[in-house]
Amino acid sequence: MSTTIGRTALAYSRSWHYIDVGTDPRSLGRIASSIAMTLMGKHKPIYDPSTDCGDYVVAVGCHDIRTTGKKRFQKKYYSHSTRPGSLKELTMDKMIAKFGGAEILRKAVSGMLPKNKLRNVRLSRLKAYDGLGHPHNRNILKMNVLSPNAQLHQSKTAKFESSESQTPVQDALTTATASPQKMNPSFASASA
């Protein structure tokens, strides 16, 4: 029996996911964890920790990234050049002003990826941009990387925002009872 069942090139093909961080209701950590799962390929049935089977993720709108509490002013990022006395620290607010929100997202996702040889390869598939524009329009297949909780939250808010139902049959019935359609004259003459 072959051990390569399901290990075809189609199964390992990479798709491009798109997420607008500015409009997503989740905080930085929750967005970063779902992006890390997609970069690792855990959403695929062929996932194996030792293989690189993840997808690309395009994150736009990183300048409007959400954080909880006072993290934006209290969280610190440290860097050291291994020379004595060269420890540098930046708050998240200063980091966003200096490097942009995309770097904050990259650091958060990097901390959630496994610390092994595949980390930099996986992180290179994250394309993060501060604005809404990006050069990957032709590649994107899936428009959202959402957790089930975020999808549930969006569906609940969509029900309250729209007065239409979720099924086309119910929509047709409500429009037919609200405003009866005029009879087609050619149909009326054919039936008479």
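In this predicted model, a good place to start is the pairing of arginine 26 with aspartate 24, whose side chains meet in a salt bridge with an N to O distance of 2.9 Å. Both partners are out of the solvent's reach by the criterion used here: arginine 26 is buried, and aspartate 24 is buried too. Side chains of opposite charge can pair when their charged atoms come close. The structure as a whole holds eight salt bridges, and two further examples are described below.

The first of these joins aspartate 52 to arginine 122, with 3.8 Å from N to O. This pair links distant parts of the chain, since aspartate 52 sits in the loop between α1 and β2 while arginine 122 belongs to helix α5, 70 residues apart. Arginine 122 has a relative accessible area of 1% and therefore counts as buried, being under the 20% limit. The contact between aspartate 52 and arginine 122 also has company: Arg14, Asp52, Arg122 and Arg125 are linked in a network of salt bridges.

The other example lies within helix α4, where the side chains of glutamate 103 and arginine 106 meet in a salt bridge of 3.0 Å, N to O. Glutamate 103 and arginine 106 are three residues apart in helix α4, so about one helical turn separates them. An α-helix has 3.6 residues a turn, so residues three or four places apart point the same way. Glutamate 103 is partly exposed, at a relative accessible area of 25%, and arginine 106 is likewise partly exposed, at 27%.

Helix α4 itself runs over residues 101–112, twelve residues in total, and reaches 17 Å from its first C-alpha to its last, close to the 16 Å expected at 1.5 Å a residue. Its buried residues are Gly101, Ala102, Ile104, Leu105, Ala108, Val109 and Ser110. Those buried residues pack against quite a list of elements: the helices α1 (28–40), α3 (92–99) and α5 (119–123), together with the strands β2 (56–60), β3 (76–79) and β5 (126–128). Helix α5, one of these partners, is also the element that carries arginine 122.

Attention turns finally to strand β1, which covers residues 16–20 and includes tyrosine 18. Tyrosine 18 has a relative accessible area of 14%, so this residue is buried. Tyrosine 18 and valine 60 are 42 residues apart in sequence, yet their C-alpha atoms lie 7.9 Å apart in space.

Terms used. Residues are numbered from 1 along each chain as its sequence is written. This is a predicted model: local features need pLDDT of at least 70, side-chain atom pairs count only at pLDDT 80 or more; totals for chains, interfaces and linings use all residues. Side-chain values use heavy atoms; hydrogens and water are left out. Helices (H or I, at least four residues) and strands (E, at least two) are DSSP runs, numbered from the N terminus. Buried means under 20% relative accessible area, exposed over 50%, partly exposed in between (1.4 Å probe, protein chains only). The expected span of a helix is 1.5 Å times one less than its number of residues. Contact means heavy atoms within 4.5 Å. A salt bridge is a side-chain nitrogen of Lys or Arg within 4 Å of a carboxyl oxygen of Asp or Glu.
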